[in-house]
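Me: Please take a close look at one part of this model, namely the region around its three-stranded open sheet and the helix that follows. I would like a connected account of strand pairing, salt bridges and burial.

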Amino acid sequence: MRHACHFLANNVGDSVHAVVPPLGESITDGTLATLLKKPGDTVKADEPIAQIETDKVTVDISSPEAGVIQKFLANEGDTVTPGTKVAIITKGGEGVTHVAPSEEKSDKVPHQPSLPAEKSDVQKEKVEAITSEKPKAPPPPTPKPMVSEPQLPPKDRERRVPMTRLRKRVATRLKDSQNTYAMLTTYNEVDMTNLMALRSEYKDLFLEKHGVKLGFMSGFVKAAVSGLQHQPIINSVIDGEDIIYRDYIDISIAVGTPKGLVVPVIRNADKMNFAEIEKDINTLAKKATAGTMSIDEMAGGTFTISNGGVYGSLLSMPIINPPQF
């Protein structure tokens with residue numbers, strides 16, 4: 001998820017500091033995930049120069065002024081807090097010396113090749129040592145490993161990739177839910193004949209009239225709304241030793257993205273028709289995939305729908321999204 005935030009800046013003469021903006025409610029720090037520019041690059045005002053990854057969203061750090069990046073004050077992977085100075089930007093691009101690639105690596109000692117004479121001497125010594133040695137008996141064959149010994153794959157066939165903050169947060173919440181909640185899963189067959197016939201008959205007219213496709217998810221949402229209206233206990237949440245009954249229905253839709261699982265919320269789904277639901281789902285899915293979803297669009301939710309069928313799953317057992325039942 002990517003969240004657009006306004007930049008903050010500190011003026012320093014003809015230069016300004018790009019600093020970490022507020023990261024959202026209850027978020028105190030983040031990881032400097034990506035530097036989108038490098039020292040010497042020309043940038044425009046409000047142009048993103050870096051990205052911060054938090055537990056919930058990805059936040060852009062934008063250049064406060066048009067100019068040239070003089071230097072970065074933080075590195076990728078650093079943990080930063082709101083107000084942390086990340087870069088110095090010279091306004092208008094004056095007074096910045098561009099560093100050639102050869103100068104950037106001048107502190108490294110170049111490899112000194114051996115002289116040809118040294119190579120010949122070493123080779124000569126090796127030849128003399130080989131000719132002077134007596135022939136040795138061939139070494140005994142290496143014993144074959146016992147069948148019971150495990151043959152582990154070499155480490156060079158493994159890749160270790162650090163988890164993003166979003167994935168770590170999702171893993172923590174879901175594991176806490178599994179450890180805390182008493183879970184029961186039941187499977188029931190549903191006759192989809194009428195819904196499939198309805199979709200086949202009206203899908204072209206629906207697309208022409210509303211500009212979005214008629215999918216099955218809007219039918220699932222309407223079915224969930226009907227069930228929640230008949231069984232209000234399912235639309236409640238646990239708060240300590242109390243149960244809070246909700247007189248509204250906000251349906252959360254679990255969406256898998258390259259960065260991890262996000263759960264945008266359809267507000268007041270009980271008051272929406274099929275077209276409004278499809279439009280809302282389409283908008284939220286695009287934002288989730290593009291990483292532009294805000295924290296507010298994922299907050300709350302009284303009931304969550306997880307659709308494993310899009311991955312080819314026949315049956316799936318979701319984990320409860322706290323504090324829902």
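Reply: The account below begins with the sheet, then turns to the hairpin, the helix and the salt bridges.

The model is a predicted one. Within it, three strands make up an open sheet, arranged in the order S16-S13-S17, and the pairing is mixed. The edges are formed by strand S16 (265-266) and strand S17 (303-305), each of which pairs on one side only. Strand S13, residues 251-253, is joined to S17 by three bridges in the parallel sense. Within this pairing, Ile253 has Ile305 of S17 as its bridge partner. In general, the strands of a sheet pair through backbone hydrogen bonds, in either a parallel or an antiparallel manner.

A hairpin is found at S11 and S12. Strand S11 (residues 236-239) and strand S12 (residues 242-245) are antiparallel to each other and share four bridges. Val237 is placed opposite Ile244 of S12. Two residues lie between the strands of this hairpin, and Gly240 adopts a positive phi near 65 degrees.

The loop between S12 and S13 holds Asp250, whose salt-bridge partner Arg267 sits in the loop between S16 and helix H6 (274-290). The two side chains meet at 3.5 Å, N to O. This pair links distant parts of the chain, its members being 17 residues apart. Asp250 has a relative accessible area of 7% and is therefore buried, whereas Arg267, at 33%, is partly exposed.

Helix H6 has 17 residues, which at 1.5 Å a residue should span 24 Å; the C-alpha atoms at its ends are 24 Å apart, so the two values agree. Its buried residues are Ala275, Ile277, Glu278, Ile281, Leu284 and Ala288. The partners against which the buried residues of H6 pack include two helices, H4 (193-210) and H5 (217-230). They also pack against strand S14 (255-257), strand S15 (260-262) and S16. Strand S16 thus appears in two settings: as an edge strand of the open sheet and as a packing partner of the buried residues of H6.

A further salt bridge involves H6 itself. Lys287 is paired with Glu297, and their closest N and O atoms are 2.7 Å apart. Lys287 belongs to helix H6, while Glu297 is in the loop between H6 and S17; the two are ten residues apart, and the pair links distant parts of the chain. With 27% relative accessibility, Lys287 counts as partly exposed.

These two pairs belong to a wider set, as a search of the whole structure finds five salt bridges. Another of them joins the side chains of Lys38 and Asp41, at 3.6 Å from N to O. Lys38 is exposed, its relative accessibility being 52%, while Asp41 is buried at 19%. Because the cut-off for burial is under 20% relative accessible area, and exposure requires over 50%, these two residues are assigned to opposite classes.

Finally, the segment after S17 includes Leu314. Leu314 is exposed, with a relative accessible area of 80%. Together with Tyr187, Leu315 and Met317, Leu314 forms a nonpolar patch on the surface, and the accessible area of the four residues together is about 530 Å².

Note on methods: Residues are numbered from 1 along each chain as its sequence is written. This is a predicted model: local features need pLDDT of at least 70, side-chain atom pairs count only at pLDDT 80 or more; totals for chains, interfaces and linings use all residues. Side-chain values use heavy atoms; hydrogens and water are left out. Two strands pair if DSSP finds at least two bridges between them. Buried means under 20% relative accessible area, exposed over 50%, partly exposed in between (1.4 Å probe, protein chains only). Patches are made of residues with over 30% relative accessible area and no salt bridge: like charges are joined within 9 Å, nonpolar side chains (Val, Leu, Ile, Met, Phe, Trp, Tyr) within 5 Å. Accessible areas come from the Shrake-Rupley method with a 1.4 Å probe; for residues, only the protein chains shown count as cover. The expected span of a helix is 1.5 Å times one less than its number of residues. Contact means heavy atoms within 4.5 Å.
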